[in-house]
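Hi everyone, thanks for making time. Could you pull the model up on your screens, so that we can walk through it together?

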Amino acid sequence: MKTIYLAGGCFWGTQRFFDQFRGVVSTEVGYANGKTDHPSYEQVRYENTGHAETVKIQFDDTVISVEKLLEYYFLAIDPLAVNHQGEDFGTQYRTGIYYEDPSLLPVIERVCAVKEQELGQKLAVEVSPLENFWRAEEYHQDYLVKNPGGYCHIPTRLFHLEEKD
């Protein structure tokens, strides 16, 4: 079992997007790499805490690889957008790939380098070790499952790329 943390704009859609893939064992939305302990959504939104809305993804790497997760990640984000995705603007909506296990870094760097070469531009995706992760309030967990008509910057067609057994 491995864990990666992906910030892809609003965490509602990012969580819903990754929940569809075989090998993804669990997801949890929260706030990563900020300067406030146990921030609330209101603090992250209005008080410049430095956190990014992030999804913690636990996955079975014998079923889905880090490379494949990142390949999917780049389908769901605009990797050139600085501090926004879709209609959401602010540093909390920045894109980022965070890791606890340093053995993931070479893979992350390789996938990002390929994407940069493909696009011919430097990515606006932050890559760094996870400094902290605080679980978001319960109403944010699985938000788009509980509220299927809720706002999301990710096109709904991308929620049906793969269905788990």
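Asp101 is partly exposed, with a relative accessible area of 29%; buried here means under 20% relative accessible area, exposed means over 50%, and partly exposed is in between, with a 1.4 Å probe and protein chains only. A word on the source: this is a predicted model, where local features need pLDDT of at least 70 and side-chain atom pairs count only at pLDDT 80 or more, while totals for chains, interfaces and linings use all residues. Residues are numbered from 1 along each chain as its sequence is written, and side-chain values use heavy atoms, with hydrogens and water left out.

So what does Asp101 meet in a salt bridge? Its partner is the side chain of Lys2, at 3.6 Å from N to O. By salt bridge I mean a side-chain nitrogen of Lys or Arg within 4 Å of a carboxyl oxygen of Asp or Glu. Lys2 sits in strand 1 (residues 2-8) and Asp101 in the loop between strand 6 (95-99) and helix 4, so this pair ties together parts that are 99 residues apart in sequence. Helices and strands are DSSP runs numbered from the N terminus: H or I with at least four residues for helices, E with at least two for strands. Lys2 counts as partly exposed too, at 24% relative accessibility.

How many salt bridges does the structure hold? There are eight. Let me show you two that lie within helices.

In helix 3, Lys68 pairs with Glu71, and their closest N and O atoms are 2.9 Å apart. These two are three residues apart in the helix, which means about one helical turn separates them. Lys68 is partly exposed at 29% relative accessible area, and Glu71 is partly exposed at 46%.

In helix 4, the side chains of Lys115 and Glu118 form a salt bridge at 2.9 Å, N to O. Here again, the partners are three residues apart, or about one helical turn. Is Lys115 buried or exposed? Lys115 is buried, with a relative accessible area of 18%, whereas Glu118 is exposed at 55%. Elsewhere, salt bridges that share partners join Glu28, Arg135 and Glu138 into one network.

Now for how those two helices pack. Helix 3 (residues 66-76) and helix 4 (residues 105-119) pack at an angle of about 40°, with axes 10 Å apart. The axes are lines fitted to C-alpha atoms, for helices over the stretch in contact, and angles run from 0 to 180 degrees between N-to-C directions. The two helices are therefore oblique to each other: under 35 degrees would count as roughly parallel, over 145 as roughly antiparallel, 65 to 115 as roughly perpendicular, and the rest is oblique.

Which residues meet there? From helix 3 we have Val66, Glu67, Leu70 and Phe74, and from helix 4 Val107, Ile108, Arg110, Val111, Cys112 and Lys115, with contact meaning heavy atoms within 4.5 Å. So Lys115, the buried lysine, is also part of this contact.

Last, two backbone spots for the torsion fans. His38 has a positive phi of about 50° although it is not a glycine. His38 lies in the loop between strand 2 (24-32) and helix 2 (41-46), and is exposed at 60% relative accessibility. Asp142, also not a glycine, has a positive phi near 55°. Asp142 is in the loop between strand 8 (133-135) and helix 5 (143-146), and counts as partly exposed at 33%.

That's my tour, thank you!
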